[in-house]
Amino acid sequence: MSTPTDAKLSVGALTALVVGSMIGAGIFSLPATFGRASGGFGAIIAWLIAGSGMLMLAFVFQTLARRKPDLDSGIYAYTSAGFGNYLGFASAFGFWAGTCIGNVSYFILIKSTLGAFFPVFGDGNTVVAIVVSSLLLWGFHFLVLRGVQEAAVINSIATVAKMIPILAFIIVVAAAFDRELFAVNFWGNLTALAPEPDLAHLDDYGRIGHAAAELAVVPGESLFEQVRSTMLVTVFVFLGIEGASVYSRYARNPRDVGIATVLGFVGVLCLLILITLLSYGVLLRPELAALRQPSMAGVLEMIVGRWGAIFISIGLIVSVLGAFLSWTLLACEVLYAAAHDKAMPALLTRQNGHGVPSAALWLTTLFVQLFLILTFFTEAAFTLALELTSSLTLVPYLLVAAYAVKLARSGETYENGVGRNKDLLVALLATAYALLMVFAGGLKYLLLSAVIYAPGTLLYLKARHEQGVAAFNGRERVVFAVVLLGAIVALVGLVGGWIVL
């Protein structure tokens, strides 16, 4: 599909898509999420692993955009080119489903934020919260139907607006940062590594010095467990790194895709690290862990009073609505691209007069609506949505990285081998990181992902039937059998109670 020149996106707009997609709900939940899981030392290691791994993935997207500019639909196109039709479909479907469930987490967090002021919204999954979220969902649905370019402009404005409260938070928390409090929180519960902290200063502030002392000397989770328990969270906050790649067909210059990806990633990584680590210097770990989401609001309220919570809450709503718009655009584009290449039913190639993949948008909105309703039956709705989103999206990331390995090993597009070894090393590191994240996420979310992948395969079967070709080759039958077995095991686990939502 051709795109008019005047409708093309600049490197700035592509970067805004990356930043707008990455900065959403997750960044506002970091203080409590890390406080429950790890001390400062574990958090530093977690961000080093996540930052390095995701940087390798960013470089992979940059390399593929440069070497395969004809593959202009990102995740789906790369996987399909490398591993065939069914895995290409699975990559597109997994990314799409993860994006949709990520959007559900956005609505939950908005209503949880409002629940601090209006109890009727509770933790974001009450009946009233679901009804209001549904109204917002369909409002955005009809906004996107007006056109991708108009939505991209609104996203750019929202990206700028959301940065104001985030930067203000960092400045205020940095000014209030207490080194001795950070030292208490630094080691988590690692008795063997923790030095004796000086708690006198903390007592001067009326803080819970006794609890701090216990925190420093009571054995708890190992450093490995602390880091592992943060891994899916770090994946979630980096989701959207592929935003420019997915929209590469709209780029004025294919090289802008890689530039936008790396620029957006580096900027967001700096914000994530600052928010996480500075919070350890304001509240004790038990206090951080006890904060309701969005926990950034609770941290700022501790420093400046009630208006700080209100300020962050407003920023979160702007941020989340902007990210929801970005992710909706990405989800529709992935479905459209897969259908355009005949990996999904032809119906999903249908566009309206504004060039919007309208059929893909309708399917996306209906899927999000379904999961919004399901949140009523889940206690920890936000955590489930966050971690399931990460698990679903890791599979496409792994396949893209593996394709980059395959491309570098084959030597395709590498004249005289220039740059081949470097790109191979980067791709291998990105693949190893994605595998590590799949392991860190645990078996539960892999099995729950299979429950979504298995019925989703019906879309693939429909597409293959439309073309009059066999559904699977021999290797693909094995892959589908594994997915189906995983879905059956997950359903048995849910019924038996050993998998809990």
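At 19% relative accessibility, Met163 counts as buried, because the cut-off for that class is anything under 20% relative accessible area. The model in which this residue sits is a predicted one, and Met163 offers a convenient place to enter it. Met163 belongs to helix H7, which spans residues 148–176. When neighbours within four places in sequence are set aside, the residues in contact with Met163 are Ile23 and Leu271. A further relation across the chain links Met163 with Gly315, for the two C-alpha atoms lie 8.1 Å apart in space although 152 residues separate them in sequence.

From this one residue the view can be widened to the whole protein. Its secondary structure consists of 22 helices and 0 strands, and 58% of its 501 residues are buried. Of the contacts between residues at least 6 apart in sequence, 82% join residues that are at least 24 apart. The protein exposes about 19,500 Å², and 68% of that area is supplied by carbon and sulfur atoms.

The interior can be described through its largest nonpolar core, which has 131 residues, and within which Ile27, Trp47, Phe169, Phe238, Met344 and Ile452 have the most contacts. Helix H5, covering residues 85–115, contributes the largest share of this core, namely 17 residues. Ile452 can be followed in more detail: with residues up to four places away in sequence not counted, Ile452 touches Phe93, Ala97 and Ile101, and it also touches Phe367, Phe371, Leu388 and Leu392.

A second buried residue to follow is Ser449, found in helix H21, which runs over residues 443–467. Ser449 counts as buried because its relative accessibility is 2%, where the cut-off is under 20%. Beyond its neighbours within four places in sequence, Ser449 is in contact with Leu388, Ser391 and Leu392; Leu388 and Leu392 are also among the residues that Ile452 touches. Ser449 and Gly486 are 37 residues apart in sequence, while their C-alpha atoms are 8.6 Å apart in space.

Two further helices show how burial is distributed along individual elements. Helix H2, residues 30–37, is mostly covered, with 7 of its 8 residues buried; these are Leu30, Pro31, Ala32, Thr33, Phe34, Gly35 and Ala37. In helix H16, residues 295–304, the buried residues are Ser295, Met296, Ala297, Gly298, Val299 and Leu300. Just after H16 comes Gly305, which takes a positive phi of about 100°.

The last feature to consider is the enclosed space, since the structure holds 5 cavities of 30 Å³ or more. The largest cavity contains about 60 Å³ of space, and its lining is made up of Phe59, Val60, Thr63, Leu64, Ala404, Leu407, Ala408, Tyr414, Asp423, Val426 and Ala427. The elements that give two or more residues to this lining are helix H3 (40–67), helix H19 (381–410) and helix H20 (420–441), with H3 providing the largest share, 4 residues. Sorted by class, the lining has 9 nonpolar, 1 polar and 1 charged residues.

Terms used:
Residues are numbered from 1 along each chain as its sequence is written. This is a predicted model: local features need pLDDT of at least 70, side-chain atom pairs count only at pLDDT 80 or more; totals for chains, interfaces and linings use all residues. Side-chain values use heavy atoms; hydrogens and water are left out. On a 1 Å grid over the protein atoms alone, a cavity is a set of points where a 1.4 Å probe fits but cannot get out, and a pocket is an open set with protein on both sides within 12 Å along at least five of seven lines; lining residues have an atom within 4 Å of a point. Grid points are joined across faces, edges and corners, and a volume is the space filled by probe spheres set on the points. Ala, Val, Leu, Ile, Met, Phe, Trp, Tyr, Cys and Pro count as nonpolar, Asp, Glu, Lys and Arg as charged, and the others, Gly among them, as polar. Buried means under 20% relative accessible area, exposed over 50%, partly exposed in between (1.4 Å probe, protein chains only). Contact means heavy atoms within 4.5 Å. Accessible areas come from the Shrake-Rupley method with a 1.4 Å probe; for residues, only the protein chains shown count as cover. A nonpolar core is a set of buried Ala, Val, Leu, Ile, Met, Phe, Trp, Tyr and Cys residues joined through side-chain atoms within 4.5 Å.
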